[in-house]
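Student: I'm new to this structure and would like a close look at a single part, the open sheet in chain A. Which strands make it up, in what order, and what packs around it?

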Amino acid sequence: MSTDRPSSPMDRPLCLTVESDPLAVRAALSRLMHGLTERGVPAAALGSVELVLAEVLNNVVEHAYVRGTGPIDIALTLKRRQIVCRVCDQGRRMPGDTLPEAAEIALDGPIKDLPEGGFGWALIHKLAEDIHYTRADQVNRLTFRIPIETAAG
Amino acid sequence: MQIVTETGATRQIVRVLDTRIDAAVAIRFKEEMREATASGTGPVILDLSQVEFLDSSGLGAVVAVMKFLAPDRKLELAGLTPTVAKVFRLTRMDGVFTIHPAAPGAPDSLRSVG
């Protein structure tokens, strides 16, 4: 690795193509977290980053590729104190071609009525910013930014 | 998915030895919990101190365990690591579960180093 240009390792985008399978997603997350660590992202900040990416990728596996499998292209770029993310797939389009809202989850009812799902988008909306979805040329493209937390929280 | 269980007179402690409860193992986790808690009485304390990562599928599985144990048995959580605690906090599930800082009587081999 060259050290001639001090900014180059940080600026180099982290790109990965992963098959739409839960175990492949798990392996991809491990490689991405390793790559971010190499680029100087502090370990304490990685939890939130991994969480957002896991939710986004699992959504693609479970919904976009519900009727089969296909590739998911991931590109992460470090910019100042945030990670700019782009995730593309060739699966089904999002319903209504729009981003799901973070639905308010009802937690005050009896235990038997507690939801067992629907937490994914709630977590994405809480931890990521500037979330945009576009569908063009049969490709779903989700972009978002994850702030790098400097303190535990 | 590796879990161990200690059944006491008044409660049962279930310790998850895996470091992740994610989409890849959520269903298996639920099945293993059902098996592990099939006999026994009293509250179940789920020791998550070895679990470094839990996603929304994992959270859904923990909620499912609480639901199938109810109403006879209560599910309580213990030893949440920072990222896991964050998932419970951000989804407000920390208000639904009783959460203990550490699991009671964790053997030395399971206690986190440092």
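Tutor: The open sheet in chain A has 5 strands in the order β1-β2-β3-β5-β4, and their pairing is antiparallel. Here strands (E, at least two residues) and helices (H or I, at least four) are DSSP runs, numbered from the N terminus, and two strands pair if DSSP finds at least two bridges between them. At the edges stand β1 (14-19) and β4 of chain A, each with a single partner strand, so one side of each has no neighbour in the sheet. From one strand to the next, the twist averages 15 degrees.

A word on what you're looking at: this is a predicted model, where local features need pLDDT of at least 70 and side-chain atom pairs count only at pLDDT 80 or more, while totals for chains, interfaces and linings use all residues. Residues are numbered from 1 along each chain as its sequence is written, and chains are lettered from A and ligands numbered from 1 in the order in which they are written. (pLDDT is the predictor's confidence in each residue, from 0 to 100.) The model scores ipTM 0.89 and pTM 0.90.

Back at the edge strand β4(A), 6 bridges join it to β5(A), and the two run antiparallel. One residue to find is Thr134(A), whose bridge partner in β5(A) is Arg141(A).

Now for the helices. Helix α2 (residues 22-38) of chain A lies across β1 and β2 (71-79) of chain A, at about 170 degrees to β1(A). Helix α3(A) lies across β2, β3 (82-89) and β5 of chain A, at about 10 degrees to β3(A). For these angles, axes are lines fitted to C-alpha atoms, for helices over the stretch in contact, and angles run from 0 to 180 degrees between N-to-C directions.

Next comes helix α4 (residues 120-127) of chain A, with buried residues Gly120(A), Ala122(A), Leu123(A), Ile124(A) and Leu127(A). Buried means 20 or more other C-beta atoms within 10 Å of the residue's own, with C-beta atoms placed from the backbone. Those buried residues pack against α3 (43-64), β4 (129-136) and β5 (139-147) of chain A, together with α2 and α3 of chain B.

That brings in the other chain: 23 residues of chain B are in contact with 23 residues of chain A, contact meaning C-beta atoms, placed from the backbone, within 7 Å. The largest share of chain B's side of this interface, 8 residues, comes from α2(B).

Conventions:
Two residues are in contact if their C-beta atoms, placed from the backbone, lie within 7 Å. A residue is buried if 20 or more other C-beta atoms lie within 10 Å of its own, exposed if 12 or fewer, and partly exposed in between; C-beta atoms are placed from the backbone.
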